[in-house]
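Please open the model in your viewer and keep the selection panel within reach. The tour below moves from one selection to the next and says what is to be found at each stop.

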Amino acid sequence: MCGIAGFLEPSRNRSVDDCEWVARMMANTLAHRGPDDEGSWADPEAGVALGHRRLAILDLSAEGHQPMPSADGRYVLVFNGEIYNFQQLRHELEKSGHSFRGHSDTEVMLASFCQWGFRPALERFVGMFALALWDRQAGRLHLARDRAGEKPLYYGWAGNALVFGSELKALQAHPGWSAGIDRHALALLTRYGYIPAPYCIYENTYKLPPGCALTFSRRDRKTAAPVPYWSAQSVAEAGVAHPFEGSEQEATDRLLALLQQSVAQQMVADVPVGAFLSGGIDSSLIVAIMQAQSRRPIRTFSIGFPQENLNEARFAKAVARRLGTYHTELYVQPGNLGQVIHQLPRIYDEPFADPSQVPTAILCRLASEHVKVSLSGDAGDESFGGCRRYRDAQLRWEVISGIPGRFELARHLKRVSRAGLNTRIASDPFRKMLSRVSNLSDLLSVSTDRSLYQMLMSPNREAHLWMKDANEPETQHDALPGWERFPELLQRMMCLDLVSYLPDDILVKVDRAAMSVGLETRIPLLDHRVIEFAWSLPSSFKQRRNKGKWLLRQILHQYIPPALVDRPKRGFGAPIAEWLRGPLRDWAGDLLGETRLGQ
């Protein structure tokens, strides 16, 4: 796990030292992602420079230093992430005549590119990664991102230079950077609370979508387009079209074997490894499989809140006791908030409105005090139908789609609610009632199940009224091709979340929070082999008896009694409203004060 940065530009007669200085300056903004080592490499004649900050996880020696050249000198690589099947690939490469001086996965990646070529090698990798590969022979720069989008990669233009990096702050460090705010992206932010890929808060700057590669030369720096080497949507469609035909027990056995394989590979490290544990289905299952494969108690971490309705720490503690882990918990108090809150703009780089970023940052800080790698139970909802929003949408669509004359009723309710809300004398209880009427009119006015789900995913459904001179660009929320190819609404919603909400919100939240304190997170449920099998399962193996993640639950019950984990699903929430009325009131008031807003 590391931070990468660099640029490609027409030759400007810079020296090697000048080019490397710029690359180092860009990479050093990512020191939090890689506190253990730094490196740079440049070819001034080609106009390329690469920078790297290292978080040493595998091969802690100098043999893991990056940028790393291939043995034959053709390629130079900077890489952020982990290739979990690197040992298997290494054995295969050794049979083909390759030799290795160290035991890092970076060296195995380079040998893979030499042996099989760029795209075939990508397709063999099992892992999470963002990489930049300079092909000295072809004069091409390849950028690529892992299938699910665990690791980030931004790119854009600073004058004539193509710039790229793990975080936006690296691009901003290039001397030619001058990008302004993209107001159209701000419109997306106000609707969703995050900015969907490929868009970014800055103009002429983009997120490389998950599962995509991008190739540049000095001549076509501004014409290249991302090309998918793996598509979550295609995987989903293929799974639905060719479903698993075995029994529930056969599916359980197959899924358990895949999870055991994924967890085992992701526990490989030359540094201490632990896990986040909320006490929910996903994290409890990952921890259970980890502990079953470990000879000693694994380290687990959770946070709690004094507010009983938000506190999952007691559930996590009970699961940890049952599994025999070495458990650490922290109850969040107002005094814990100040340092984290003020660091959020630096951590996330672009506006990000998921309130669970606060407890996530606190949890990552806690874990980083004890381990350098932590496994997470994220991503179960999007492949196994666990999100409560899915069941809500299914029920609502079933009800409203059968109401005759609902569009006319919606127009009447909207007129009434707007007239009342525009009356200054309306009391607070009356205004709350009118707001509910307005929400009901929105619900009744949706014409398709897709528009219903988009409404449920939009914290602000009138974003166009907030931003002057801004139009929302089309995203996969609006134009996911093939929505109608899925026969069930559950499958449609899961697919949309898999290609947008998961990589652009959930994985952003986890990656930035963890890497801000030099902690590597790994997510076994995002192993693409698990995703591909999950999408072949019928919906009855995912939702049953008004519960999601049915098959995951059956596996978990082999380790933990149902009474410990079968309870209503909770999100990773925090008492934000209470904090804003209390310890964060002055901070929020300053941000929203007339002086600040007038700037």
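Begin by selecting residues 127–135 and 140–145, which are strand 6 and strand 7, an antiparallel pair joined by six bridges. Within this pair, colour Trp134 and look across to strand 7, where Leu141 stands opposite. As you go, please keep in mind that the whole model is a predicted one.

Now widen the selection to the sheet around this pair, in which six strands are arranged in the order 4-5-6-7-11-12, with antiparallel pairing, to form an open sheet. The edges of this sheet are strand 4, at residues 68–69, and strand 12, at residues 227–228, each of which pairs on one side only. For a reader new to sheets, it may help to know that the strands of a sheet pair through backbone hydrogen bonds, either parallel or antiparallel.

The next stop is strand 9, so select residues 161–165. Is this strand enclosed or open to the outside? All five of its five residues are buried, so strand 9 is largely enclosed by the rest of the structure. If you show the side chains, you will find Ala161, Val163 and Gly165 pointing one way, while Leu162 and Phe164 point the other way, and all of these are buried.

Strand 9 has partners that can be added to the view. Select residues 154–158 for strand 8, which runs antiparallel to strand 9 and is joined to it by five bridges; in this pairing, Trp157 has Leu162 as its bridge partner in strand 9. Strand 8 and strand 9 make a hairpin with two residues between them, and in the turn Gly159 has a positive phi of about 65°. Then select residues 2–8, which are strand 1, also antiparallel to strand 9 and joined to it by four bridges. Here the residue to pick out is Phe7, whose bridge partner in strand 9 is Val163.

From the strands, move to helix 9 and the loop that follows. Helix 9 has twelve residues and reaches 16 Å from its first C-alpha to its last, which is close to the 16 Å expected at 1.5 Å a residue. Eleven of these twelve residues are buried, so helix 9 is largely enclosed by the rest of the structure; among the buried ones are Ile281, Leu285, Val287, Ala288 and Met290.

Next, select Ile298, which lies in the loop between helix 9 (281–292) and strand 14 (299–304). Is Ile298 buried or exposed? Its relative accessibility is 6%, and because buried means under 20%, Ile298 counts as buried. Leaving aside neighbours within four places in sequence, the residues in contact with Ile298 are Val287, Met290, Gln291, Thr325 and Tyr326. For a sense of scale, measure from Ile298 to Gly149: the two are 149 residues apart in sequence, and their C-alpha atoms lie 27 Å apart in space.

The tour now turns to the empty spaces, of which seven are cavities of 30 Å³ or more. The largest cavity holds about 120 Å³ of space. To find it, select Arg54, Leu58, Gln66, Asp105 and Thr106, which are the closest to its centre of the 16 residues in its lining. Strand 3 (48–54), strand 5 (75–83) and helix 3 (105–116) are the elements that give two or more residues to this lining, and the largest share, three residues, comes from strand 5. By class, the lining of the largest cavity has seven nonpolar, six polar and three charged residues.

The second largest cavity has a volume of about 90 Å³, and its lining includes Tyr84, Val126, Asp146, Gln266 and His528. Coloured by class, this lining shows five nonpolar, three polar and four charged residues.

Finish at the second largest pocket, whose volume is about 1,100 Å³. Select Leu189, Pro351, Phe352, Ala353 and Gln357, the closest to its centre of the 30 residues that line this pocket. Among the elements that each supply at least two residues of the lining are helix 6 (183–192), helix 12 (357–368) and helix 23 (576–581), while the largest share, five residues, comes from helix 11. A last colouring by class divides the lining of the second largest pocket into 22 nonpolar, five polar and three charged residues.

How values were computed:
Residues are numbered from 1 along each chain as its sequence is written. This is a predicted model: local features need pLDDT of at least 70, side-chain atom pairs count only at pLDDT 80 or more; totals for chains, interfaces and linings use all residues. Side-chain values use heavy atoms; hydrogens and water are left out. On a 1 Å grid over the protein atoms alone, a cavity is a set of points where a 1.4 Å probe fits but cannot get out, and a pocket is an open set with protein on both sides within 12 Å along at least five of seven lines; lining residues have an atom within 4 Å of a point. Grid points are joined across faces, edges and corners, and a volume is the space filled by probe spheres set on the points. Ala, Val, Leu, Ile, Met, Phe, Trp, Tyr, Cys and Pro count as nonpolar, Asp, Glu, Lys and Arg as charged, and the others, Gly among them, as polar. Two strands pair if DSSP finds at least two bridges between them. Buried means under 20% relative accessible area, exposed over 50%, partly exposed in between (1.4 Å probe, protein chains only). Contact means heavy atoms within 4.5 Å. The expected span of a helix is 1.5 Å times one less than its number of residues.
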